[in-house]
Amino acid sequence: MSAGAAPAARAGAAPEALAPEELAELRGTVAGALRAVWERPQTAGEPDAGDARLAAAWQVAVRQGWTELGAAGALDALLAVTAELGRLACPLPLADAHLAAELFAEHDDVVAAIGEGAVRPVVVPAVSGTVRFVDGAGAATHLLLLPEGAGEAVLAPVTGVRPTPGTPVPAWADVDWTADGAVRAPVDAAAAERAQVLLRLALATRAFGAAARAAELALEHASLRHQFGRPIASFQAVSHRCVDGAIDLAAFDALRTEATRLALAGDAGWLLATELAVAHAVEAAPRVQFGAHHTLAATGYFEEHEAPWLFRRVHADVTRVALFVPAAGEPADLLLETGARLPTPYLGEAAEAARAEVRAFLAKSVPPGLTGEDPALVELLADARYLAPGLPVEHGGRGAGAAEQVAIGEELTYAGLAPEARVAAGMLGPTIDRLGTPAQRAQLLPLISRGRMPFYLGYSEPETGSDLAHLRTTAVRDGDDWVVTGQKMWGTGAHLAEWTWLAARTDPAARAHAGITVFCFPTGLPGWSLQQHRSLAGGVSCTTFFDEVRVPDSARIGETNQGWRVLTEALAHERIVIASGTAALLRLFEDLVDALRADPDRAGPRGSAARATLTSLAVRLQAARALVATSARDALGDGGSVATAPMAKIVGSELEEEFGEAVLRLLGPAAALADGPNAGSPETFETALRYSIMSVVAGGTNDIQRNLVARALGLPR
């Protein structure tokens, strides 16, 4: 099996993945099952430092059937339990038992002994003599010596354990073993690689479980702890630190879920997906832990509190990841050396069917070189009902759900097809369909679905920016008309627009979100004027002026003074459009990988700074894509988090800035030129760099996005 080949836990059919509710139920049983036997030592130096408790936890694992997960190939169940062990700061080596059952699957007596708890293995690198840095050795009966490549796995009895006090508790140990009575099994290179990678994933999962618990404690503390007469969570420095931790946690959960899905499905992309999750954990789990400690401050510094024990677990597990190094290397090595591409996160059966359909359509029907807003291209996409997939069929759409819209948008964005026409279709179309009058739907939806409604947003103002609740442009009722007076800023494309989507205050006495109404009307009405501004990225945005512009009441969208509902509806759909923007970044990233493959000297050898940079970019891009997928799936049900969409926007847009700067470092001055290394792509490196600053502003600044996540986390204002 090659490095990218799909894993198979045991002979026969691949194990079936558990449903999310089944995994949640399993996780819910872990703490209750272990509560009676697993407690933190009162101090780190307490005799046995938890080894006796760990041995008792093994017996609980046997009774619960956790030690039989390896024989069943139930990787998702194993990781669910492992995450909960991390929350308890419990180093029970279930993943080690899982791998031992896989590697010794032909030894029925060994598999049975593992399931019964008679054999309690800990996986270590294959060495001769004493093995160092063994975690959980005090409760182990055997070491599983794992070769780096093809060779022999040895399940050897433990003969001596010498604790080595330090940060980990229970302490790591130096362990002696004997070949007498050892059981051996041949291991090919692929099986050794799989074991290394899955053990790394388990360590990363346990570390993030501990970090998640610490972040949870910090959130609770931030909401309850008062300073200067206010809960400390009301201070943005504290709330945004909590939000950043929550984003890291959500990203890892999404990355791990995707890696597990691919592994269980036997997909060749499982190895890269898993290593992306591990790379994220190694960097981010300590960051989350430190952030939690900063919020907890002195409260979380003393060992009576959970936080110090979680700190020990995070750093013990993250550090041991480096003991198990897969032959395929880090993600950058896989990308540069094997031709691998970042796996596409799964959006659901209907969405992936739509994705396959779009790819086939583009390959068959779109002539080479037809990109951008070419009228022939817009017509082609409109005829196929791809411009406005979220609209009903009778209005030129496909009646697609959120996940299908994201999948279709990703494919069109990756190819650089009709981005401006699709903004109106994705943002205004569903809002008008849901809240517009029959006459508005009949007039506007056919224009939108055909890409014939160029518009600009009349939202931001000189004194309000993202603070739409306090906008000052007014609309005063005068008979059958409204008289609009005010000024709007940063109206992208207003000089070419034929329509204005305007938010105005219609009740000056109303507070904040109340008293706002939304209108949609043609540009160029008497009293309307504009001033153009060329952006850093080369596009044109405009300041537009409304000097007693008369707008008919038939242009009003939704009820008078109920515009906030319209704004939030449109914003929800705008985020679907923004979400598919990660596909543009994916195209740029693949261009970068291709450029580095063509010039190996710039990428350097394994372990180089350039490869580390490429790995970091890959991890963050995949995290953004995974969060987009999670957000799209959440939109299909009632139980999803409303935080994942702004999380994805934060990660993706901030990555755009980092990516643009990194490309200059990796490829040199040529990347700053219009005819640079990826000239001919839908977007060049240098254009992307100049636009990246706007990405953190579009759709609401990232500071506002972090505030939205903070509210979703329950933090006080």
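**View 1. Y386 is a buried residue in this predicted model.** Its relative accessible area is just 2%. Because the cut-off for buried is under 20%, F361 also counts as buried, at 15% relative accessibility.

**View 2. Here F361 and Y386 meet as an aromatic pair.** Nine aromatic pairs are counted in the model. In this one the ring centres are 5.1 Å apart, and with 65 degrees between the planes the arrangement is edge-to-face. Follow the chain and you will see that distant parts are linked: F361 belongs to helix α12 (residues 349–365), while Y386 sits in the loop between α13 (375–383) and α14 (402–415). The two residues are 25 residues apart.

**View 3. Now look at the rings of F659 and F685.** Their planes stand at 50 degrees, so this pair is tilted, with 6.3 Å between the centres. Again distant parts of the chain are linked: F659 comes from helix α21 (residues 644–667) and F685 from helix α22 (residues 685–695), 26 residues apart. Are these residues buried or exposed? Both F659 and F685 are buried.

**View 4. Two arginines each lie over the face of a ring.** R230 lies over F235, at 4.4 Å from the ring centre. R587 lies over Y414, and here the value is 5.1 Å.

**View 5. Residues 1–13 call for some care, as their pLDDT stays under 50.** The model has 26 contacts beyond four places in sequence for this stretch. Where pLDDT is low, please do not read the predicted coordinates in detail. For the chain, the mean pLDDT is 90, and 94% of the residues reach 70 or more.

Conventions:
Residues numbered from 1 in each chain as written. Predicted model: local features only at pLDDT ≥ 70, side-chain atom pairs only at ≥ 80, totals over all residues. Heavy atoms only, no water. pLDDT = per-residue confidence, 0-100. Contact = heavy atoms within 4.5 Å. Phe/Tyr/Trp six-rings, centres within 6.5 Å; stacked < 30°, edge-to-face > 60°. Helix = DSSP H or I, 4+ residues; strand = E, 2+ residues; numbered from the N terminus. Buried < 20%, exposed > 50% of the residue type's maximum accessible area, 1.4 Å probe, protein only. Lys NZ or Arg CZ within 6 Å of the ring centre and 35° of its normal.
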